[in-house]
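Visitor: I would like to learn how to read contacts, cores, strands and cavities in a model such as this one. Could we begin with a single side chain and work outwards?

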Amino acid sequence: MALFESESLILKTYPLAEADKIVVFLTQKHGLVRGVAKGAKRLKSRFGGGLEPFSVVNLSFYQKEERELVSVSQIELLKSYFEVASEPLFLQKFAYLGDLLTEFAPPHEPNERIYRMTRVCLETASARPEALEIVTLYFEIWLLRLGGYLPDWRHCDHCRRPFGEGESSSLQANFHLLCSVCRPPGRVVNAISGVSRNLYSAAQSLGPEKFIQTAAGKVESLREVSEILKRMIANILGRELKSDKILVAKS
């Protein structure tokens, strides 16, 4: 039985039996991991407040061969976001992002770029809660990009010509874009503005703080790109995420 240790981000917990919890956490060194924290529901649990959602911890766990669930042995709390995470909108948004991670991050496959991206988004959103929608969009773009799912919107999918700065484009069923010359004749449907296309590209070249500044005031374009990203995600997963539907209903 091997012992592992890694900085980790707690995504969610579930009750198990009378005193235990199942913990889903994203690790810096070992990817997405699910484990059992024995005695975590007891008042004097050795895990303390380290299992709160979105806590950054140093976590040790044992893993037996051919067992999906590991055994969490020790947690050292490094940073808590309990205060900001208690806000309903923040909690809902990051519950949705946590669901995205559990769907897109392969279990036990290290991906330090996903871990770093998730942490910086959490830190930025906690410092700038008014920009939650922008940070969510940034997270969705990067998660799809790191997973190899993100279409390239810099050029026409048919003729490969780069789009001009303010040139409009048309969205295809596969989420790639066509220029005005290559799109089918007739009424223009699913038009994507140059502003929306620029925001989509800017998120891939800027940190979240600078992207917030770039996206400020571009509400219509943010909503346009966000809607397309959610359709992409539903298409990849074969279903819509329930946590995303709750957000839409309550927004």
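Guide: Taking contact to mean heavy atoms within 4.5 Å, Phe-211 touches Ile-134, Leu-137, Tyr-138, Leu-199, Ala-202, Ala-203 and Leu-206, where residues up to four places away in sequence are not counted. The model is predicted, so local features need pLDDT of at least 70 and side-chain atom pairs count only at pLDDT 80 or more, whereas totals for chains, interfaces and linings use all residues. Residues are numbered from 1 along each chain as its sequence is written, and side-chain values use heavy atoms, with hydrogens and water left out.

Visitor: Which residues touch the most other members of the largest nonpolar core?

Guide: A nonpolar core is a set of buried Ala, Val, Leu, Ile, Met, Phe, Trp, Tyr and Cys residues joined through side-chain atoms within 4.5 Å, and buried means under 20% relative accessible area with a 1.4 Å probe, protein chains only. Here the largest core has 60 residues, and Leu-100, Phe-211 and Leu-229 touch the most other members. Helix H4 (residues 132-146) supplies the largest share of this core, 10 residues, helices being DSSP runs of H or I with at least four residues and strands runs of E with at least two, numbered from the N terminus. A second, separate core of 14 residues includes Ile-10, Phe-25, Val-33 and Val-72.

Visitor: How many residues of strand E3 are buried, and how is E3 joined to strands E2 and E5?

Guide: In E3 (residues 31-37), 6 of the 7 residues are buried, so this strand is largely enclosed by the rest of the structure. Two strands pair if DSSP finds at least two bridges between them; E2 (residues 20-27) is joined to E3 by 7 bridges and runs antiparallel to it, with Thr-27 having Gly-31 as its bridge partner, and the two form a hairpin with 3 residues between them. E3 and E5 (residues 70-79) run parallel, joined by 2 bridges, and Val-36 has Ser-71 in E5 as its bridge partner.

Visitor: What lines the largest cavity?

Guide: On a 1 Å grid over the protein atoms alone, a cavity is a set of points where a 1.4 Å probe fits but cannot get out, and lining residues have an atom within 4 Å of a point. The largest cavity is lined by Leu-9, Leu-11, Phe-54, Phe-94, Leu-97, Gly-98, Leu-101, Thr-118 and Leu-122, and H2 gives the largest share, 4 residues.

Definitions and conventions: On a 1 Å grid over the protein atoms alone, a cavity is a set of points where a 1.4 Å probe fits but cannot get out, and a pocket is an open set with protein on both sides within 12 Å along at least five of seven lines; lining residues have an atom within 4 Å of a point. Buried means under 20% relative accessible area, exposed over 50%, partly exposed in between (1.4 Å probe, protein chains only).
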